[in-house]
Amino acid sequence: MPLLNRVASGVVRPLVVAATVILASLILVVGHGEEVAPVEVVIGQPSPQTFTADEPVQVVDAEATTQARVDAADAVEEVYTEDPDANTAVLANIQSFFIAAEEGSAPVYPEDTTETTDPGEPAVTTTSSTEATTTTSTTQAPATTGGDGDSTTTSSTSSTTTSTTTTLPPPLPREEQVVLLRDEFPLLKTETIVAIVDVLNDDIERAKAGEQQFYDLIESEALSLAGEMLNDGILASDLDRVRSGIVTRPPTLILLRDLPEEQLLEVEAAVADLVAVNLQANTFYDETATQSERDVQAAAVTEVTVSFLRGQTIVDGGELVSEVQYDAIVELGLLEPVVETPPLRAMAALAGLVVIVAAIYLWRVGRDHWQKPKLVVLFGLLVVIAAAAARLPEFITRDRVELGFLLPAALFGYLAAHLFGSRIALLIALPVGAFTALATQDVALVVFAITATLLPIPLVSSISTRAQLNLAVVYSALLHVPLAAASAWWFYGTDAIGWSSVFGFGSGVISGVVALGVLPLVAGLFGITTTQTLLDLTDRNHPALRLIEEEAPGTFNHSIVVGNLAGKAARAIGGNPLLAQAMAYYHDLGKTVSPHYFVENQHGVSNPHDDLPPEESAAIIRSHVAEGLRLARQYRIPPDVTQAILTHHGTSLMRYFYHKGVDRYGEDGVNPVDYRHRGRKPRSKEMVVVMLADASEAATRSMVQNEDPTSEGIRLLVEQIIAEKVADGQLEESEVTFGELTRIKESFVDALIGYYHTRIPYPGFPGTRSAS
């Protein structure tokens with residue numbers, strides 16, 4: 001029987017390809033009339049046919065020449081001249097403010113004063129200055145000696161002594177200093193003047209105390225800020241913006257960082273205001289120099305000529321005719337009414353060639369699809385329908401060319417992406433575009449058809465919810481609008497943009513709605529698992545899922561977590577996350593037959609395996625695979641999904657019961673084959689991630705029940721499980737690489753750490769280790 005099936009498949013596929021070639025060619029050729037219209041070429045209108053140069057010709061492109069000269073002139077940047085006097089004036093004005101502030105705070109030196117001390121006191125002369133000093137002197141008469149050498153009595157003479165004190169008066173009150181500066185600089189804010197006057201007067205006290213002074217630093221920072229602004233160049237049009245920018249975002253004055261924070265903020269705002277008020281425009285547009293340079297550059301541009309070689313296309317049919325193209329056509333005398341339409345036999349041959357190329361691509365790239373005759377038939381059916389759709393513009397565009405954008409090209413992208421996957425869906429654009437070209441000979445519609453076919457493919461290739469599927473239809477329809485508008489603008493002119501956009505949007509909506517309606521029927525007829533099918537299977541209200549939830553709630557929870565793990569891992573390695581999730585949901589469907597024999601469903605009851613021989617327990621555990629396949633057929637679960645039931649254990653050894661058997665019967669009395677699952681080793685990426693997710697989740701749940709989980713512990717456990725599967729040969733038939741296994745491991749670890757992270761204990765709840 002297998003040999004007979006292979007022979008039948010080998011016969012069916014060529015027959016399907018041949019039938020597709022014949023049907024597509026007939027659809028394109030039958031009723032395709034050959035109409036010869038008078039040749040009339042109008043500048044700015046679509047060309048009625050393709051014109052090809054029969055000899056070399058060169059024509060001057062006056063419009064391009066003019067445009068090139070305009071572009072050369074426009075490319076010249078505006079010339080600006082800097083006014084150094086403005087820079088000098090700005091800096092001088094700022095300096096004048098600081099000079100005036102210093103003058104207002106300078107003390108007035110009074111005349112010296114003399115104080116008289118009381119007689120009998122030592123004469124004291126005191127001079128008061130910035131640092132007061134006191135000097136005391138005492139005059140005593142020296143002792144005299146008589147003529148005979150005897151000393152005489154010493155006498156002291158006290159006289160009235162004067163003391164001279166010179167004291168510097170304080171500067172004018174700060175309020176008066178502010179008033180003087182405000183009168184002299186009325187444009188400055190009062191807060192600005194007050195802030196700088198405060199620092200100036202505080203510096204007098206700081207100088208007496210030998211502390212750091214800041215007034216000169218403020219002046220330096222203000223001049224530096226103004227210099228930076230002027231160096232950047234300030235246009236008159238930008239002056240208000242620059243001033244506003246300085247005031248709203250005052251500069252940070254690094255040199256004044258030792259000021260108290262509140263005073264520093266006031267000084268920064270004051271410097272910003274002072275600089276902003278005094279800034280002037282110092283860069284001015286030089287119109288004469290700019291225009292002179294533009295004239296020079298425009299004059300340097302030579303005439304633009306366009307050359308057409310023998311055999312080169314001058315203008316394609318449907319393309320808007322330019323003045324240059326028209327001049328070339330006239331120069332070569334091609335306006336004679338000679339029309340050569342392609343023979344219908346050539347059209348049929350080209351259509352057949354397109355079908356054959358598509359079939360070869362399917363054979364070489366989509367081997368999995370090619371091995372299934374029913375999918376080859378479905379692919380041929382899509383190609384034939386594409387040929388029929390390509391004839392649609394021919395019948396609806398008699399009076400309005402924009403109606404051609406109603407071509408439902410996106411329908412084939414939707415169908416192919418859902419039924420065959422994104423790689424084969426890209427292929428369908430080839431026959432759609434080629435058939436449109438053969439049927440319409442309209443480049444605009446060919447571009448539209450190919451691009452519209454490709455539009456929905458990335459939108460529906462990675463959806464995981466029904467809402468995303470509906471949004472994909474909406475987004476695809478919206479993208480049809482700029483696609484149709486751009487195609488019409490380029491090939492038909494600006495007048496066609498409006499209606500082309502409307503009809504293009506209509507094409508997107510019609511294609512999406514028809515695809516959503518047809519897909520379930522086609523999928524059911526050909527037994528294909530589509531995205532819609534997977535969305536239905538992952539719906540929690542699906543009867544089979546409800547059965548698991550009601551009969552085996554522990555298995556249900558386990559399956560949901562495995563589904564999340566598998567979906568995330570499949571996404572990490574480029575698999576189908578929705579398929580992996582659906583496979584995981586149903587991989588333990590068979591456990592609903594005898595749920596109490598599986599540990600996750602044993603809540604508050606003894607383990608029945610404790611009373612059974614290990615070989616009988618192994619047989620019971622093994623049976624859930626066969627029971628799962630039976631229930632999957634009963635609930636009409638697609639084969640692509642039920643593969644997980646058959647492969648999620650592969651041929652793995654049931655180690656627990658095997659070691660139990662060894663303990664009971666001895667190693668020589670146990671055959672490991674009796675303790676292995678009798679499934680199939682996984683092949684696809686989705687099967688692999690389900691197998692690994694199932695084992696990782698079960699092991700992690702077991703670890704969590706016996707010890708507090710840690711990130712490192714979970715990581716080591718997952719690594720051990722994957723290494724064990726590899727060592728046991730369970731992945732030897734799969735297409736998963738070691739690099740993808742690493743990504744699978746990382747996705748599992750991240751998810752499991754999130755599921756089983758250590759939780760803080762809640763006080764007052766005896767009997768519970770932790771709570772979330």
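**Exercise 1. Which residues of helix H26 (residues 639–647) are buried?**

Solution. Before starting, note that this is a predicted model, in which local features need pLDDT of at least 70 and side-chain atom pairs count only at pLDDT 80 or more, while totals for chains, interfaces and linings use all residues. Residues are numbered from 1 along each chain as its sequence is written, and side-chain values use heavy atoms, with hydrogens and water left out.

Step one is to fix the terms. Helices (H or I, at least four residues) and strands (E, at least two) are DSSP runs numbered from the N terminus. A residue is buried under 20% relative accessible area, exposed over 50%, and partly exposed in between, with a 1.4 Å probe and protein chains only.

Step two is to apply them: in H26 the buried residues are Val641, Thr642, Ala644, Ile645, Leu646 and Thr647.

Step three is to look for their neighbours, where a contact means heavy atoms within 4.5 Å. The buried residues of H26 pack against helix H21 (531–537), helix H24 (577–586), helix H25 (614–634) and helix H28 (685–706).

**Exercise 2. Describe the protein as a whole.**

Solution. Begin with the elements, of which the protein has 30 helices and 10 strands. Next take burial: of the 772 residues, 43% are buried. Then consider the contacts with a separation of 6 or more, 77% of which are between residues 24 or more positions apart. Finally, the accessible surface, computed by the Shrake-Rupley method with a 1.4 Å probe, comes to about 40600 Å², and 56% of that belongs to carbon and sulfur atoms.

**Exercise 3. Examine three salt bridges and say where their partners lie.**

Solution. A salt bridge is a side-chain nitrogen of Lys or Arg within 4 Å of a carboxyl oxygen of Asp or Glu, and the structure holds 18 of them.

- First pair: Arg174 forms a salt bridge with Asp202, with the closest N and O atoms 2.7 Å apart. Because Arg174 lies in helix H4 (residues 174–184) and Asp202 in helix H5 (residues 190–209), the pair ties together parts that are 28 residues apart in sequence. Arg174 is partly exposed at 30% relative accessible area, and Asp202 is partly exposed at 21%.
- Second pair: Glu627 and Arg630 meet at 2.8 Å, N to O. Both lie in helix H25, three residues apart, which is about one turn of the helix. An α-helix has 3.6 residues a turn, so residues three or four places apart point the same way.
- Third pair: Lys681 and Glu732 form a salt bridge whose closest N and O atoms are 2.4 Å apart. Lys681 lies in the loop between helix H27 (655–665) and H28, and Glu732 in the loop between helix H29 (711–727) and helix H30 (738–755), so this pair ties together parts 51 residues apart in sequence. Lys681 is buried, with a relative accessible area of 16%, whereas Glu732 is exposed, with 56%.

**Exercise 4. Which residues have the most contacts inside the largest nonpolar core?**

Solution. A nonpolar core is a set of buried Ala, Val, Leu, Ile, Met, Phe, Trp, Tyr and Cys residues joined through side-chain atoms within 4.5 Å. The largest has 125 residues, and those with the most contacts inside it are Leu28, Phe379, Phe435, Val641, Ile744 and Phe748. Taking Phe379 as an example, and not counting residues up to four places away in sequence, one finds that Phe379 touches Ala358, Leu362, Phe420, Ile424, Leu427 and Ile428. Another core lies apart from the largest one and has 39 residues, among them Ile94, Ala226, Met229 and Val271.

**Exercise 5. Work out how strand E2 (residues 57–60) is placed.**

Solution. Start with the faces: Val57 and Val59 form the covered face of E2, and Gln58 and Val60 the uncovered one. In a regular strand the side chains alternate between the two faces of the sheet. Then find the partner, remembering that two strands pair if DSSP finds at least two bridges between them. Four bridges join E2 to strand E9 (residues 305–308), and the two run antiparallel. Within this pairing, Val57 stands opposite Phe308 in E9.
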